[in-house]
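Here are some notes for a colleague who is opening this structure for the first time. They are best read with the model in view.

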Amino acid sequence: MGLKRHTLTLMRHAKSDWSDDSLSDHDRPLNARGERDAPEMGKRLKALGIRPSLLLTSTATRALETCKHVATAIGFPIEFVHRERSLYLAAPTDMLNALSNEDPAFHHIVIFAHNPGISELANQLSNGLVGHMPTGAYIALEANAPDWRSFAHANIGVIGYDYPKNPNGPIKRL
């Protein structure tokens, strides 16, 4: 099996709403800032040239809502979004396991998930570049690998990193 260019974008859900104590953590929606930031981050991903073949999201309401806003902004059909329960509050190994099950024909996957796992995985794959991923942040990574199972062990480069309150604009091609 030959090497293929694979791109992985990790995105933390946008800012969530804590105002309703009756909701479980899983069911918390986006707040007003999250509703504003998620479509904006989708526009920034589109401007970066992000053209995923799969969006993979936690089933938590805030992650799913972030994913839907981004999908709309980049022109990805919402009906093709994959919801993955194991991504809810997932550790890096859980995210890599979910990724490794995906078809290598998907050349670019975006994962929508939560802290602390999303920050930990982003730092693991970028050699500590990002530290803490704020809400709405993304990091786009690429590597030549035969499949998604091998991605984390390949020579990974960073395409871009950005977050809603970034005063300097997106960081591209590191």
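**Notes on the fold and its packing**

1. Please keep in mind throughout that this is a predicted model. A good place to begin is helix 1, in which Gly34, Asp37, Ala38, Met41, Gly42, Leu45 and Leu48 are buried. Seen down the axis of helix 1, these buried residues fall within an arc of 145°, so they line one face of the helix. An α-helix has 3.6 residues a turn, so residues three or four places apart point the same way. On the other side of helix 1, Ala32, Arg36, Lys43 and Ala47 are exposed.

2. The length of helix 1 can be checked as well: its 17 residues (32–48) should span 24 Å at 1.5 Å a residue, and the C-alpha atoms at its ends lie 25 Å apart, which agrees. At the start of helix 1, a side-chain oxygen of Asn31 comes to within 3.0 Å of the backbone nitrogen of Arg33, while Gly49, just after the helix, takes a positive phi of about 95°.

3. What do the buried residues of helix 1 pack against? Their partners are strand 1 (4–12), helix 2 (61–74), strand 5 (138–145), strand 6 (157–162) and strand 7 (171–172).

4. The strands form an open sheet of seven, in the order 3-2-4-1-5-6-7 and with mixed pairing. Strand 3 (82–83) and strand 7 stand at the edges, each with a single partner strand, so one side of each has no neighbour in the sheet. Strand 5 and strand 6 run antiparallel and are joined by five bridges, and the bridge partner of Tyr138 in strand 6 is Asp162.

5. The largest nonpolar core has 28 residues, of which Leu8, Leu10, Ile111 and Ile139 touch the most other members. At least two residues of this core come from each of strand 1, strand 2 (54–57), helix 3 (92–100), strand 4 (108–113), helix 4 (117–125), strand 5 and strand 6. Apart from this core lies another, of 17 residues, which includes Ala71, Phe76, Tyr138 and Ile159.

6. Ile111 deserves a separate look: leaving aside neighbours within four places in sequence, Ile111 is in contact with Leu8, Thr9, Leu10, Met11, Leu56, Leu87, Met95, Leu99 and Ile118. Two of these contacts, Met95 and Leu99, are among the buried residues of helix 3, where Pro92, Leu96, Ala98 and Ser100 are buried too. The buried residues of helix 3 pack against strand 1, strand 4 and helix 4.

Conventions. Residues numbered from 1 in each chain as written. Predicted model: local features only at pLDDT ≥ 70, side-chain atom pairs only at ≥ 80, totals over all residues. Heavy atoms only, no water. Helix = DSSP H or I, 4+ residues; strand = E, 2+ residues; numbered from the N terminus. Expected span 1.5 Å × (residues − 1). Buried < 20%, exposed > 50% of the residue type's maximum accessible area, 1.4 Å probe, protein only. Arc of directions from axis to C-beta. Contact = heavy atoms within 4.5 Å. Polar contact = N/O pair within 3.5 Å; in protein donor to acceptor, adjacent residues only side chain to side chain. Core = buried A, V, L, I, M, F, W, Y, C linked by side-chain atoms within 4.5 Å. Pairing = 2+ DSSP bridges.
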